[in-house]
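Subject: Structure handover

Hi,

Here is the structure for you to look at. My notes follow below it.

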Amino acid sequence: MGSQAFRKGGQVVGFEIFGATMYSCVVWAVNCQMALSINYFTYIQHLFIWGGIVFWYIFQLAYGALDPDISTTAYKVFIEACAPAPFYWLLTLFVLVSSLLPYFTYAAIQMRFFPMYHQMIQWIRTDGQSDDPEFCHMVRQRSIRPTTVGYTARIEATSKRFEEKLEGL
């Protein structure tokens with residue numbers, strides 16, 4: 001980015017343009033990774049994930065439109081420098097793909113070769129393996145574990161620590 005002319009007249013990138021570009025990449029990467037990790041979308045999740053990205057661009061427009069005394073170096077950064085530059089959009093896309101590719105690859109390998117129990121149960125329902133009693137029994141036996149949540153988990157953890165102290169005496 002350092003040698004790219006972003007403004008009219010050939011001015012190169014300053015910290016304000018670099019910061020806006022970097023934060024745009026972060027907003028896209030974080031929101032898209034949330035979208036990839038969700039198994040079931042609701043309207044509220046769509047609103048917050050995609051709305052967060054839209055809100056970032058609205059914020060850039062609004063903050064850049066403020067008086068230069070208030071917005072200081074961010075005055076019209078998005079309107080004059082980032083939005084018209086194809087390099088800004090290509091860089092954002094490149095960073096998004098390169099940051100999500102390792103996560104997507106890991107998730108695909110994990111789901112295909114080392115599935116979690118809830119993924120196995122989903123496969124039983126969707127892939128039609130519900131008629132294979134041996135596979136169903138194996139998945140059910142592996143997925144049955146005692147779990148504790150909230151108050152019960154705290155009581156159990158406290159009692160285990162107390163038992164360990166008594167054994168140490």
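How much of the chain over residues 86-109 is helix, how much is strand, and how far apart are the end C-alpha atoms? The model is predicted, so please read every value as computed from it. Residues 86-109 are 100% helix and 0% strand. Their end C-alpha atoms lie 34 Å apart.

That stretch is annotated. The unreviewed UniProt entry marks residues 12-31, 43-66 and 86-109 as "transmembrane region". Over residues 43-66, helix makes up 96% of the chain and strand 0%. The end C-alpha atoms there are 33 Å apart.

Next, a helix pair. Helix 1 spans residues 15-37 and helix 5 spans residues 86-113. They pack at an angle of about 35°, and their axes are 9 Å apart. The crossing is right-handed. Helix 1 contributes Ala20, Thr21, Ser24, Cys25, Trp28, Ala29, Cys32, Gln33, Leu36 and Ser37 to the contact. From helix 5 come Tyr88, Leu91, Thr92, Val95, Leu96, Ser99, Leu100, Tyr103 and Phe104. By type, the contact residues of the pair are 13 nonpolar and 6 polar, with no charged ones.

One residue to look at is Thr92, in helix 5. Is Thr92 buried or exposed? Thr92 counts as buried because its relative accessible area is 5%, and the cut-off for buried is under 20%. Setting aside neighbours within four places in sequence, Thr92 is in contact with Cys25 and Trp28. Both Cys25 and Trp28 are among the helix 1 residues that make the contact with helix 5.

Best wishes

How values were computed: Residues are numbered from 1 along each chain as its sequence is written. This is a predicted model: local features need pLDDT of at least 70, side-chain atom pairs count only at pLDDT 80 or more; totals for chains, interfaces and linings use all residues. Side-chain values use heavy atoms; hydrogens and water are left out. Axes are lines fitted to C-alpha atoms, for helices over the stretch in contact, and angles run from 0 to 180 degrees between N-to-C directions. Helices (H or I, at least four residues) and strands (E, at least two) are DSSP runs, numbered from the N terminus. A crossing is left-handed if the near helix is turned anticlockwise from the far one by less than a right angle, and right-handed if clockwise. Contact means heavy atoms within 4.5 Å. Ala, Val, Leu, Ile, Met, Phe, Trp, Tyr, Cys and Pro count as nonpolar, Asp, Glu, Lys and Arg as charged, and the others, Gly among them, as polar. Buried means under 20% relative accessible area, exposed over 50%, partly exposed in between (1.4 Å probe, protein chains only). UniProt positions are given in the numbering used here, feature names are shortened, and annotations may be inferred rather than shown by experiment.
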